[in-house]
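User: Hello! I am new to this one and would love a friendly tour of its inner spaces. Could we go through it together?

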Amino acid sequence: MTMEVLLRSPLDMHIHFRQDAMLDAVAPLSAQHFAGGVIMPNLVPPVDTVDRLLWYTSEVKRAVGNHRFQPYMTLFFRNYTREELVAAKPHIIGIKLYPAGATTNSENGVREIMSMKHVFAMMEELDIPLLVHGETHGFVMDREQEFCEVYRTLATTFPGLRITMEHITTEAAVLLLDEFENLRATVTPHHLIITLDDVAGGMLNPHLFCKPIAKRPEDRAALLAAALKPHPRLMMGSDSAPHPVDKKESAGCAAGVFTAPILLPLLAELFERNNALGSLQAFVSDNARRLYGVEPPSTTVHLVKEPMTIPERYGNVVPMWAGKTLSWSVRSVE
Ligand code: DOR
Ligand code: ZN
């Protein structure tokens, strides 16, 4: 008998949809499988005014078309006034903070995080979650671990502020989750599967190059253990980040792994291999619903253990593991 799994309203809590032709190409690839997702604001220019937020929301909804998919929008963190925060609150799930220059399109990010305490205080008061790209400007392998001190300070100084450590990649970040009730985290499927060896240990693989960079085997083991339980404050956020092939297969490779269309088969394969299929529902939906208090459209995704060969391209974007065959596939979405 074919193995199968039913998932109710899966959510991707960290996605890059971009804009224009790329948005049109990638939004349906998330919306075909997911009932909702958190849409990141690092456009050029960033989504950092209420006007631009409302424009981008309508763009995303247009690109999603008839799929039952709820976009949970974010603003790009800057020195907002209270009036701006109040006006934005009904339209967002949180505000995403990028340290300046940490990753793709983050040049307008924050230079001195602790100079923004007044904004964090207002977000705490208004109960607007803070989503964080947690990397310092230190040595690339140490950036997230170094940033844990910033998380610690934020979590202690603003105990009522809900803080999401986005796309965690280290054992240090997993341990930090248990220290503070107001910290939660997303983790990407690719960081549960690869290490730096897969990126740069042999022939360089630009399609696995992302920020934060994949780390050591012991980091991956800690992340995977937390996901398989799953840890009650850990959510699946893919950080699926499309770049045109010429920006990846080039000198000066852009950071980002494109996984949107393969996420659920990839996760089913990983969780089955680790005898943890029973944890998948909490990891891809229930934890996020509880932590953010959201009620996504009701969908049921039927996954079956039947092979799926990953396409070489989706338009001009190369997905993770292009050409490889996964042992699970999506049979239907109702
Ligand atoms: O690898 C990444 N790509 N990490 C990020 O944080 C941003 C993303 C992108 O927007 O391409
Ligand atoms: Zn991201």
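User: What volume does the second largest cavity have?

Analyst: Happy to help, and please keep in mind that this is a predicted model. A search of the whole structure finds three cavities of 30 Å³ or more. For the second largest cavity, the volume is about 60 Å³.

User: How many nonpolar residues are in the lining of the second largest cavity?

Analyst: Its lining includes Val245, Phe258 and Val317, as well as His207 and Lys248. Sorted by class, the lining has three polar residues and one charged residue, and its nonpolar residues number six.

User: Which cavity is the space taken by ligand 1?

Analyst: One cavity has a volume of about 120 Å³. Among the 18 residues lining that cavity, His16, Thr103, Lys211, Asp239 and Ala241 are the closest to its centre. The space that ligand 1 takes up is this one, the largest cavity.

User: A nitrogen atom of ligand 1 is 2.8 Å from a polar backbone atom of which residue?

Analyst: Let's go through the polar atoms around the ligand. The side chains of threonine 104 and histidine 133 each place an N or O atom 3.2 Å from an oxygen atom of ligand 1. The nitrogen atom has its 2.8 Å partner in the backbone of lysine 211.

User: How much of the accessible area of ligand 1 does the protein cover?

Analyst: On its own, ligand 1 has 290 Å² of accessible area. The shell around the ligand has three nonpolar, eight polar and three charged residues. The share of that area covered by the protein is 100%.

Key
Residues are numbered from 1 along each chain as its sequence is written. Chains are lettered from A and ligands numbered from 1 in the order in which they are written. This is a predicted model: local features need pLDDT of at least 70, side-chain atom pairs count only at pLDDT 80 or more; totals for chains, interfaces and linings use all residues. Side-chain values use heavy atoms; hydrogens and water are left out. A polar contact is a pair of N or O atoms within 3.5 Å; within protein, one must be able to donate a hydrogen and the other to accept it, and residues adjacent in sequence count only if both atoms are side-chain atoms. Accessible areas come from the Shrake-Rupley method with a 1.4 Å probe; for residues, only the protein chains shown count as cover. On a 1 Å grid over the protein atoms alone, a cavity is a set of points where a 1.4 Å probe fits but cannot get out, and a pocket is an open set with protein on both sides within 12 Å along at least five of seven lines; lining residues have an atom within 4 Å of a point. A molecule sits in a cavity or pocket if more than half of its atoms lie within 2 Å of its grid points. Ala, Val, Leu, Ile, Met, Phe, Trp, Tyr, Cys and Pro count as nonpolar, Asp, Glu, Lys and Arg as charged, and the others, Gly among them, as polar. Grid points are joined across faces, edges and corners, and a volume is the space filled by probe spheres set on the points.
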